[in-house]
Amino acid sequence: LWDLVNRASRELARFLHQQSSLQSLGADEAMGIAEISRMRRVPDYRCIYQQDRRTPGDDSLFILHGGAVTLHYRIAEANEITLAQLMPGSVFGGLPIVADVPNLESATACGTSTLIEVTRAAYSHLRLARPLLAHRLTEIAVRCHAEHVRSLLELAANRR
C-alpha cells in the first residue's frame, strides 16, 4: 500500500511540475503540493463553486487534472458570460483561502472531470509547514485569477 501511495504521489507531482500552471515550481515543491492535495471527481455539468458564495468545501484551490471546466461570470440574474474553457493543468478557484474573499466567478465541470484539490485545511497546514511553498502557490493562484479577470474585462470592453 505504501508503494502504491508513493507511486501515485510521484505521478501527481510529475503532472504538476510538467503539465500544469505550477510548472514554475521545482520537483520537490510539486511533490509538496501532491502530498497535501486530494483528487476529486466531478460529474458532468456539476457546479464546482458559485460566484459570490461562501459555502464550506467550495473554497478550495483547484488544478484541473482531467476533463474540462468552464468559468463563467453572472452579470445580471439571467445574463452569464463565459470567461474561460479550462483544460488539464489549469489552476482556478482558491480566492477564499488565499485572500479571504468569495470566488468572483462560477466554475462548472464540462464532462466528468478530475480535480486536484487543495482544501483550506491543507493550505493552512502548508502555510505553517512550508511557508515559502505556500507563498509560491498563492502567487500562482493570484496570477491565474488575474488572467481570468483580464478575460472578463476584455469581454466587457468588446460588448460595448
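## Histidine 145 in helix α5

H145 lies in helix α5, and in this predicted model the residue is buried, with a relative accessible area of 14%, a value that falls under the 20% limit used for that class. Once neighbours within four places in sequence are left aside, H145 is in contact with L95, L104 and E105. One of these partners, L95, is 50 residues away from H145 in sequence, while the C-alpha atoms of the two residues are 8.2 Å apart in space.

## Packing of α5 against α2 and α4

Two packed helices are described by the angle between their axes and the distance between the axes. For helix α2, which covers residues 27–36, and helix α5, which covers residues 131–158, the angle is about 85° and the axes are 11 Å apart. That angle makes α2 roughly perpendicular to α5, because angles from 65 to 115 degrees are placed in that class. On the α2 side the residues that meet the partner helix are E29, G32 and I33, and on the α5 side they are L133, R136 and L137. Sorted by class, the contact of α2 with α5 contains three nonpolar residues, one polar residue and two charged residues.

Helix α4, made up of residues 120–129, also packs with α5, here at an angle of about 130° and with the axes 5 Å apart. With that angle, α4 is oblique to α5. The residues of α4 that take part are Y123, L126, R127, L128 and A129, and they meet P131, L133, A134, L137 and T138 of α5. The class count for the contact of α4 with α5 is eight nonpolar, one polar and one charged. L133 and L137 of α5 are thus named in the contact with α2 and also in the contact with α4.

## Two buried residues of strand β6

Strand β6 spans residues 106–118 and includes S113, which is buried, with a relative accessible area of 0%. A polar atom of the S113 side chain lies 2.9 Å from the backbone oxygen of A68. Apart from neighbours within four places in sequence, S113 is in contact with R40, R41 and V42, with L64, and with G66, G67, A68 and V69.

E117 lies in strand β6 as well and counts as buried, at 1% relative accessibility. The side chain of E117 is joined to that of R40 by a polar contact of 3.3 Å; R40 is also among the residues in contact with S113.

## Aromatic pairs and a cluster

A search of the whole structure finds three aromatic pairs. One of them is formed by Y49 and F62, whose rings are stacked, with 6.2 Å from centre to centre and 15° between the planes. Y49 lies in strand β2 and F62 in strand β3, so the pair ties together parts of the chain that are 13 residues apart in sequence. Both Y49 and F62 are buried, and together with F92 they form one aromatic cluster.

## Loops beside strand β2

The loop between β1 (38–42) and β2 (47–49) holds Y45, a residue other than glycine for which phi nevertheless takes a positive value, near 65°. Y45 is exposed, with a relative accessible area of 67%.

The loop between β2 and β3 (61–76) contains D52, where phi is again positive in a residue other than glycine, near 60°. D52 is partly exposed, with a relative accessible area of 46%. Q51 is found in the loop between β2 and β3 too, but Q51 counts as buried, at 5% relative accessibility. Leaving aside neighbours within four places in sequence, Q51 is in contact with H72, Y73 and R74, and with N103, L104, E105 and S106. Of these, L104 and E105 are also partners of H145. Q51 and D3, by contrast, are 48 residues apart along the chain, and their C-alpha atoms are separated by 40 Å.

Technical notes: Residues are numbered from 1 along each chain as its sequence is written. This is a predicted model: local features need pLDDT of at least 70, side-chain atom pairs count only at pLDDT 80 or more; totals for chains, interfaces and linings use all residues. Side-chain values use heavy atoms; hydrogens and water are left out. Helices (H or I, at least four residues) and strands (E, at least two) are DSSP runs, numbered from the N terminus. Buried means under 20% relative accessible area, exposed over 50%, partly exposed in between (1.4 Å probe, protein chains only). A polar contact is a pair of N or O atoms within 3.5 Å; within protein, one must be able to donate a hydrogen and the other to accept it, and residues adjacent in sequence count only if both atoms are side-chain atoms. Contact means heavy atoms within 4.5 Å. Axes are lines fitted to C-alpha atoms, for helices over the stretch in contact, and angles run from 0 to 180 degrees between N-to-C directions. Angles under 35 degrees count as roughly parallel, over 145 as roughly antiparallel, 65 to 115 as roughly perpendicular and the rest as oblique. Ala, Val, Leu, Ile, Met, Phe, Trp, Tyr, Cys and Pro count as nonpolar, Asp, Glu, Lys and Arg as charged, and the others, Gly among them, as polar. Rings of Phe, Tyr and Trp (its six-membered ring) pair if their centres lie within 6.5 Å; planes under 30 degrees apart count as stacked, over 60 as edge-to-face and the rest as tilted.
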